[in-house]
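Visitor: Could you take me through a close look at a single part of this chain? I would like to see how neighbouring helices pack, with the cut-offs spelled out.

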Amino acid sequence: MRNSTWGALFLILLIGFVYLLDSVLMPFIAGMIVAYLVDPIVNRLQGLGLKRPLAVASVFVALFLVLTAALLILIPLIVSQIKQLGEVLPNVFTWVENRLAPQVLEWTGYDVRAELGNLQTTLLENWRDAGGYLAQALGSIGRSGAAFLTWITYVALIPVVTFYLLLDWSRLLANVAELLPRHYAADVARLAKRCDEVLAAFLRGQLLVMLSLGVIYALGLTLIGLNFGLLIGVVSGLVSIVPFLGFIVGLGVALIVAFFQFESWWGLAGVLAVFSVGQVMESVVLQPKLLGDKIGLHPVAVIFAVLAGGTLFGLTGVLLALPAAAVIMVLLREAIERYKKSELYGDDPLANAQPIHRLDHQGDRENP
């Protein structure tokens, strides 16, 4: 059987394996991603003289403290601001209906008040019932002992899998490399290095950029006294996974909130200043320091990969989407490079030809 046939068969079996074991694979894939993200930190601690188990334990303690702080401090504040936003929404709709809608009707001849009323009713009902839906979902999980036990087991497996993978990360990579066919080992190692650069630039670098931007936006908006500043900042940081999208969404929402809250140009200027500082920090400090000159995934590729992975394989597909997209992108670049070096692509017939304008000048000199 030819090598390409073996490769296609292996790929089909892998996709089928992921599809059949979708829910079971989730904690293992999540553990692999977390281990991949924090492995450089463990390596750095190990380089400072710590044993590998102690370095892994230190990283786990730090992650636990950060997660605990987020659960105890940030989440209650964000939930409180979401509730406040639900209380403010009726006033926003009233302003739009009484002031903005008549202007739109005068300028365009289109009355938006009917659609606005339906939108207001639907949005407020869903906003008010969101907590009830969550409580109902949690209650159903609690009533189903098997489902609750499965959910707890999956969540508890993630740190366990991460811990053991971190302990043996280098040895596992060496064992995988040892199993590669010797004829393809060099090419696979080179492609794996490219994939690692793309993933490191996007997963580690972009996540740190998102976290930093979220802190800058949330802190800045809170300091100028903007309502829901923490919520807007956190959402803007999360949406920054797609470049400029977090800036656009956050700035637009913050300007609307500042317009209703301050009713002056100073509030709008403060919001613009906060997001301007965030963009300057991203361009001058965050991108060069955290991403460097590595090429990350294109924003369109990120969106498509996440949507396609979620549609095909659910939560497991979402977790696998970005690593798979990075590998596919590297393989496509490799294929394009080989195509351009192949006989099928050929040489450019004009590469060695003399430019036309030079020929024209020579003709002018020969025939004055």
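Guide: Gladly; here is a walk through the packing of helix 8 and helix 9, followed by their surroundings.

This is a predicted model, in which local features need pLDDT of at least 70 and side-chain atom pairs count only at pLDDT 80 or more, while totals for chains, interfaces and linings use all residues. Residues are numbered from 1 along each chain as its sequence is written, and side-chain values use heavy atoms, with hydrogens and water left out.

To set the scene, the chain has 12 helices and zero strands; both kinds of element are DSSP runs numbered from the N terminus (helices are H or I with at least four residues, strands E with at least two). Of the 368 residues, 26% count as buried, a term that means under 20% relative accessible area, with exposed being over 50% and partly exposed in between (1.4 Å probe, protein chains only).

Now to the pair itself. Two packed helices are described by the angle between their axes and the distance between the axes. For helix 8 (residues 229-239) and helix 9 (residues 245-262), the axes come within 7 Å and cross at roughly 160°. Here axes are lines fitted to C-alpha atoms, for helices over the stretch in contact, and angles run from 0 to 180 degrees between N-to-C directions. Helix 8 and helix 9 are therefore roughly antiparallel to each other; angles over 145 degrees get that label, those under 35 count as roughly parallel, 65 to 115 as roughly perpendicular, and the rest as oblique. Their crossing is right-handed, meaning that the near helix is turned clockwise from the far one by less than a right angle (anticlockwise would be left-handed).

Which side chains should you click on? From helix 8, Ile232, Ser236 and Val239 meet Leu245, Gly246, Val249, Gly250, Val253, Ala254 and Val257 of helix 9, where contact means heavy atoms within 4.5 Å. The residues of this contact divide into seven nonpolar, three polar and no charged. In that scheme, Ala, Val, Leu, Ile, Met, Phe, Trp, Tyr, Cys and Pro are nonpolar, Asp, Glu, Lys and Arg are charged, and the others, Gly among them, are polar.

Just before helix 8, Asn227 sits in the loop that follows helix 7 (185-223). At 38% relative accessibility, Asn227 counts as partly exposed. Leaving aside residues up to four places away in sequence, Asn227 touches Ile232, Val257 and Gln261. Asn227 and Val257 are 30 residues apart in sequence, yet their C-alpha atoms are 7.2 Å apart in space.

On the other side of the pair comes helix 10 (residues 265-291), which holds Gln279. Gln279 is buried, with a relative accessible area of 15%, and touches Tyr217, Phe244 and Phe247, again not counting residues up to four places away in sequence. Ala269 also belongs to helix 10; with a relative accessible area of 39%, Ala269 is partly exposed. From Ala269 to Leu255 the C-alpha distance is 9.1 Å, across 14 residues of sequence.

For a second pairing to set beside this one, try helix 7 and helix 11 (residues 299-341), which pack at an angle of about 125° with axes 10 Å apart. Helix 7 and helix 11 are therefore oblique to each other, and helix 7 passes helix 11 in a right-handed crossing. The residues of that contact divide into 14 nonpolar, no polar and six charged.
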